[in-house]
Amino acid sequence: MAIVFYDSLRKKRTKFESMNPGIVKMYTCGPTVYADAHIGNFRTYIFEDLLRRTLKFLGYKVIQVMNLTDVEDKTINASNEQRVPLQQHTAPIINRFFEDLDTLKIERAEYYPRATEHIPLMLDLVKKLIDNGYAYESEGSIYFRIEKFKSYGKLSGMKLDKLVRGARVDADEYEKDDFRDFALWKAWSEEDGEVGWDSPYGRGRPGWHIECSAMSMRYLGDEFDIHTGGVDNIFPHHENEIAQSECATGNKFVQYWLHSAHLMVDGMKMSKSLGNFFTLRELIAKGYSTRSIRYVLLTSHYRQQINLSGESVLAAKAALERLDTLRHSADEGAGAGEIRSDLAKSIKESELHFTRSIEDDLGISGAMAALFELVSAVHRFSNKSPLNQKEGEALLNFWKKVDSVLSFLFPEQKELPLEVLESVQIRLKARLDRDFSLSDKIRDDLASKGFQIKDTREGTIVIWVQGRELVK
RNA sequence: GGCGGCGUAGCCAAGAGGCUAAGGCGGAGGUCUGCAAAACCUCUAUUCAUCGGUUCGAGUCCGAUCGCCGCCUCCA
């Protein structure tokens, strides 16, 4: 079967073929580290995680680059306000960013290049653009002349003559030949303070767009397979990247562009400027489990806006509990016997359905449906006759396999406190003695401490926050 | 104003011309159970924003209308 992606450049679903067999090179626009990323930002990083994991699931080796923008207006302003050197301001934010990635089980990319460590490469690119006649100098700054790039606007659909002057007027705008031109290199100004690098054009710092062109080429080459980001990056950021890169190299920059839709709050885009944002840490403090958050962010199609709400997190929790029942059933598999054909068939169908869905533009809904269908099938099957050991193992193996894509099927198991285990044992004995007033008292007691007790056919389950233990 | 996306059950959400419109949450009834929960079974869209059109056949294609969102300024 073929992998299909919706390509923002072609504006249609397109069969994916990597440039090098078996290898996918992808560049994923990363955070600007002037403040902690909010959960809307992570929506995109989770989409990219799904893309990466899916490609690996389908047999590709993935080389992923995610940039860390550690120098631009906001990082400079923030460090100035706090009167600390730039790096001292960005370093802790970067550390927290990586912690949040881990919390959300986002797999690490191969490279996380920082803009400040690639200035010479950017200057090389700027020089190339000047030499090729696409850029010009004006008062120490270098601008890209967009009318020289005939296909400017091909990604966003913007028509050059339809571009309107924005509400905000750049201080340096009068220096440009054309207001639509964008900066490749910005001359040092008073507000930049300590921040600046020497260049043939004088002291200055890179424009925002040039870093992605320079760093993607450095780690992935002049041409690579996939470039991603949020839809808000399409214009002007990605449009400008294409212009710079293709004018500098003469090659087609990127083969496939994938963009994720926004996370919404009360019908509006979550954004720092609107102030309607939450960080991951804030959501955790509200009592949302990271597993549920990952579920919500991952199981909505990446081109569909998500409305994150308490309700959606609660629904996620319920859905996860249902998924967990498959693992519990599998754990119960015991005894001799081969895998029976009905069950083998269900697993095979689920895997096929899962794969077909996920390779079709990351069709996560269909992929999840495939898993829920297996859960139902397994319960129907095991209700008739208990699973044997091999069957339990087969289910767990399949679950592990799809979890390489999802990474929320196996919650972290916490050790239950000894006193809880003891209480559970006492309660089990009480139930055997049919002393139900005692057993119910213990159940209520544990519930008040945050441990929910459920008696199943297989034994007693203790649910504790995100962990879940089976006690026999 | 220009560009892009979306409108499918109470809620979330698949579907990309043709088997009975996936799946999840929630809800109703039943089986099981000391009770609770879980699990299982059954039910919960004659219809896909509206109106036209193309077609033997449309939720799916075309046109118009209404509504929502994003981008056009830094933004994931």
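Buried means under 20% relative accessible area, exposed means over 50%, and partly exposed lies in between (1.4 Å probe, protein chains only). This is a predicted model, in which local features need pLDDT of at least 70, side-chain atom pairs count only at pLDDT 80 or more, and totals for chains, interfaces and linings use all residues. Residues are numbered from 1 along each chain as its sequence is written, chains are lettered from A and ligands numbered from 1 in the order in which they are written, and side-chain values use heavy atoms, with hydrogens and water left out.

**Helix α5**

- Helices (H or I, at least four residues) and strands (E, at least two) are DSSP runs, numbered from the N terminus.
- Helix α5 spans residues 208-220 and has 13 residues.
- Its first and last C-alpha atoms are 19 Å apart, close to the 18 Å expected at 1.5 Å a residue. The expected span is 1.5 Å times one less than the number of residues.
- Eleven of the 13 residues of α5 are buried, so the helix is largely enclosed by the rest of the structure.
- The buried residues are H209, I210, E211, C212, S213, A214, M215, S216, M217, Y219 and L220.
- G221 follows α5 and has a positive phi, near 100°.

**H118 and S329**

- H118 sits in the loop between α3 (86-103) and α4 (119-131).
- H118 is buried, at a relative accessible area of 7%.
- Contact means heavy atoms within 4.5 Å. Leaving aside neighbours within four places in sequence, H118 is in contact with P113, M215, R218 and Y219.
- A polar atom of the H118 side chain lies 2.8 Å from the backbone oxygen of R114.
- S329 belongs to helix α9 (residues 310-331).
- S329 is buried too, with a relative accessible area of 11%.
- Outside its neighbours within four places in sequence, S329 is in contact with V378, H379 and L387.

**RNA strand B**

- A residue is near a strand if one of its heavy atoms lies within 4 Å of it.
- RNA strand B is surrounded by 59 residues, and the closest are R13, W208, G230, N233 and K269.
- The surface near the strand has 20 nonpolar, 23 polar and 16 charged residues. Here Ala, Val, Leu, Ile, Met, Phe, Trp, Tyr, Cys and Pro count as nonpolar, Asp, Glu, Lys and Arg as charged, and the others, Gly among them, as polar.
- Helix α11 (residues 364-384) supplies the largest share of this surface, eight residues.
- Sugar or phosphate accounts for 63% of the RNA atoms within 4 Å of the protein, and bases for the rest.
- Polar side-chain atoms of E373 and N383 lie 3.2 Å and 3.0 Å, respectively, from a sugar or linking oxygen of RNA strand B.
- A polar side-chain atom of R431 lies 3.4 Å from a base oxygen of RNA strand B.

**Whole chain and confidence**

- Chain A has 14 helices and 16 strands.
- Of its 472 residues, 53% are buried.
- Its C-alpha atoms fill a box of roughly 90 × 50 × 35 Å along the principal axes.
- pLDDT is the predictor's confidence in each residue, from 0 to 100. Chain A averages 90, and 95% of the residues score at least 70.
- Confidence is highest in strand β4 (residues 61-66), at a mean of 98, and lowest in strand β16 (residues 467-471), at 35.
- Residues 166-172 have pLDDT below 50, and this stretch has two contacts in the model beyond near neighbours in sequence.
- Residues 466-472 also stay under 50, with 35 contacts beyond four places in sequence.

Methods:
A polar contact is a pair of N or O atoms within 3.5 Å; within protein, one must be able to donate a hydrogen and the other to accept it, and residues adjacent in sequence count only if both atoms are side-chain atoms.
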